[in-house]
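Trainee: Could you show me how to read aromatic pairs, patches and cores in a model?
Mentor: Gladly, let us look together.

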Amino acid sequence: IVREVAGLGLIGSIAAITVFFGLIALYCRGLQLLLHAVPLEHRARSPRSVWLMFGIPFNFIEDFFIVGDLGESLGRWGILSATRLRVWQALGYGWAALQLVSLLPGTIGFVGGGLTVVGWIAHWVLTASIRRGLPAR
């Protein structure tokens with residue numbers, strides 16, 4: 001992906017990187033709000049800890065823990081159906097695993113990166129949908 005970003009030129013590269021990190025920030029904010037909605041006694045981690053997704057390269061592994069802990073928190077709360085929770089977790093683990101595949105060189109890494117984005121967006125949409133459906137606290 002470095003080659004593709006570099007092909008955008010200096011201004012284009014800065015814009016692409018800014019947009020990318022801005023989208024990650026919005027996604028993290030969505031996860032934070034979802035975890036904040038979970039009652040304290042059911043939380044497996046602090047809502048602020050989702051921002052560890054910015055800790056490159058640490059984030060490549062931490063993302064699995066964030067999804068796992070948030071899923072555990074939602075499971076403890078018992079507000080979601082088991083099926084919806086499993087789908088949410090599968091999408092989260094899926095995009096995190098594909099993110100690792102994206103690090104591979106060549107076509108496999110490029111395709112893995114594209115699939116990562118698709119899974120990440122699907123997970124983000126489901127996260128927002130779950131959060132909107134939660135009871136007001």
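**Rings, patch and core**

Mentor: The structure holds eight aromatic pairs. The rings of Phe, Tyr and Trp (its six-membered ring) pair if their centres lie within 6.5 Å; planes under 30 degrees apart count as stacked, over 60 as edge-to-face and the rest as tilted. This is a predicted model, where local features need pLDDT of at least 70 and side-chain atom pairs count only at pLDDT 80 or more, while totals for chains, interfaces and linings use all residues. Residues are numbered from 1 along each chain as its sequence is written, and side-chain values use heavy atoms, with hydrogens and water left out.

Trainee: Why is the pair of Trp51 and Phe54 stacked?

Mentor: A pair of aromatic rings is described by the distance of the centres and the angle of the planes. For Trp51 and Phe54 the centres are 6.1 Å apart and the planes at 10°, so the pair is stacked. By contrast, Trp120 and Trp124 form a tilted pair, with 5.4 Å centre to centre and 40° between the planes. Trp120 and Trp124 are four residues apart in helix H5 (residues 106–133), which means a separation of about one helical turn. Helices (H or I, at least four residues) are DSSP runs, numbered from the N terminus.

Trainee: Is Phe54 buried or exposed?

Mentor: Buried means under 20% relative accessible area, exposed over 50%, and partly exposed in between (1.4 Å probe, protein chains only). Phe54 is partly exposed at 31%, and Trp51 is also partly exposed, at 31%. Trp120 is buried, with 10%.

Trainee: Which residues make the nonpolar surface patch of about 530 Å²?

Mentor: Patches are made of residues with over 30% relative accessible area and no salt bridge (a side-chain nitrogen of Lys or Arg within 4 Å of a carboxyl oxygen of Asp or Glu). Like charges are joined within 9 Å, and nonpolar side chains (Val, Leu, Ile, Met, Phe, Trp, Tyr) within 5 Å. Areas come from the Shrake-Rupley method with a 1.4 Å probe; for residues, only the protein chains shown count as cover. Here the patch is made by Ile17, Phe20, Phe21, Trp51, Phe54 and Ile56. Ring pairs also link Phe20, Phe21, Trp51 and Phe54 into a cluster.

Trainee: Which helix gives the most to the largest nonpolar core?

Mentor: A nonpolar core is a set of buried Ala, Val, Leu, Ile, Met, Phe, Trp, Tyr and Cys residues joined through side-chain atoms within 4.5 Å. Of the 23 residues in the largest one, Leu31, Leu34, Met53, Leu70, Leu74, Trp88 and Ile130 touch the most other members. H2 gives the most to this core, with seven residues.

Terms used: Helix = DSSP H or I, 4+ residues; strand = E, 2+ residues; numbered from the N terminus.
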